[in-house]
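Work through the following exercises with the sequence and the model side by side, trying each task before reading its solution.

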Amino acid sequence: MIQSFIRSELRDYLIKIPNLDLDLLFDCWSKPLPEGFRVNTLKLPEEYILERLREKNTVFRKISWARYGYILETEFQLGTMIEHMLGLIYLQGPVSMAPVEALDPSPGDIILDMCAAPGSKSTQISQLLQGRGVLVANDPIIDRCKALSSNLQKFGVYNVVITTLDGRVFPKMVGEFFDKVLVDAPCSSLGIVSKDWRIVKNWSMDNVYRLSRLQLQLLRSAFDCLKPGGALVYSTCTLTIEENELVVHNLLESRDNAYIEEIKLDGLRYEEGLTEWNNLRLNEELLKSLRIYPYHNSAEGFYIVKIRKSG
Ligand SMILES: C[S@@+](CC[C@H](N)C(=O)[O-])C[C@H]1O[C@@H](n2cnc3c(N)ncnc32)[C@H](O)[C@@H]1O
């Protein structure tokens, strides 16, 4: 069914990606994504919240790569539960929890979430900060910041500042200020097509090139506002090389104090990042980045890389 929505430009592009199984990809795109959630230990102990959910006959299993993360195994409208309304649980896709685990926030860190709305990853970072340190949650789209603000309040986060800036201005404003930065960049969303088939209907290479230019500017900005020795995670929920490996390759070409760090996340399945595209040799370090297809974990597709600034 979904096949009829896929434009030939997109199909021709996907066929060229090495080791991508198109049949499996289209099959995943046709099915709904699993429902994932995190329990909010800023409000109550994990086991207490889980017990409340069990009493309401929900069945779930632990996500191995994300602290406090679970996948729902029964049909249940989590979004209508009082626990959701009280901010005791936060609904978030299972693979979407991986970038923050890769960033590994520690209590006391000063962290920038550069593209933060509606706040899935900001609430996750806050939870791992345990109320110590500061999170700057930024997004330039005011309407999306309303959801960000409401989610952070509902989650009970108080060590957060919300800013509404273009992510590209941070180095000029603050210099090398942050211990850690997350860039969960705007992208062409090919990893979450199951949520909305219009993603493949409206996909175009022109849009990919436009996003790729913005993503490189955001990534450079994130790197430049890191303290020496600090680390950033760049993630997208898309599969194109122009929005993923090429962006990171270009950063590594322009910053000789940037290097990629290995990401170890228990049980998460992925392919290594690509080191060749359209006859262009890319930085070998990209093998340490994670290219996650929807069929790897029967969930969202993502690209994740962790970059450290030496010094
Ligand atoms: C993939 S979404 C982020 C999702 C969010 N991290 C979460 O987990 O809930 C990308 C975000 O980037 C924001 N964005 C777009 N242009 C931007 C820019 N120039 N600087 C910073 N953020 C930008 C969009 O408004 C959008 O909210």
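## Exercise 1: The nonpolar cores

Find the residues that Val 248 touches, leaving out residues up to four places away in sequence.

Solution. Val 248 touches Leu 219, Tyr 234, Ile 260, Leu 286, Tyr 303, Val 305 and Ile 307, where contact means heavy atoms within 4.5 Å. This is a predicted model, in which local features need pLDDT of at least 70 and side-chain atom pairs count only at pLDDT 80 or more, while totals for chains, interfaces and linings use all residues. Residues are numbered from 1 along each chain as its sequence is written, and side-chain values use heavy atoms, with hydrogens and water left out.

The next step is to place Val 248 in the largest nonpolar core, which has 92 residues and in which Leu 14, Trp 29, Tyr 234, Val 248 and Ile 307 touch the most other members. A nonpolar core is a set of buried Ala, Val, Leu, Ile, Met, Phe, Trp, Tyr and Cys residues joined through side-chain atoms within 4.5 Å; buried means under 20% relative accessible area, exposed over 50% and partly exposed in between (1.4 Å probe, protein chains only). Helix H10 (residues 205–224) gives the most to this core, with seven residues; helices (H or I, at least four residues) and strands (E, at least two) are DSSP runs, numbered from the N terminus.

## Exercise 2: The two domains

State how the chain is divided, and how many residues each domain brings to the contact.

Solution. The chain is divided into domain 1 (2–33 + 95–309) and domain 2 (35–92), with bounds that come from an automatic or database domain assignment. Taken over C-alpha atoms, the centres of domain 1 and domain 2 are separated by 24 Å. The contact takes 28 residues from domain 1 and 22 residues from domain 2.

## Exercise 3: Arg 38

Decide whether Arg 38 is buried or exposed.

Solution. Begin with its place in the fold: Arg 38 lies in strand S1 (residues 36–39). Because its relative accessibility is 0%, Arg 38 counts as buried. Finally, the C-alpha atoms of Arg 38 and Ile 71 are separated by 8.9 Å, although these residues are 33 residues apart along the chain.
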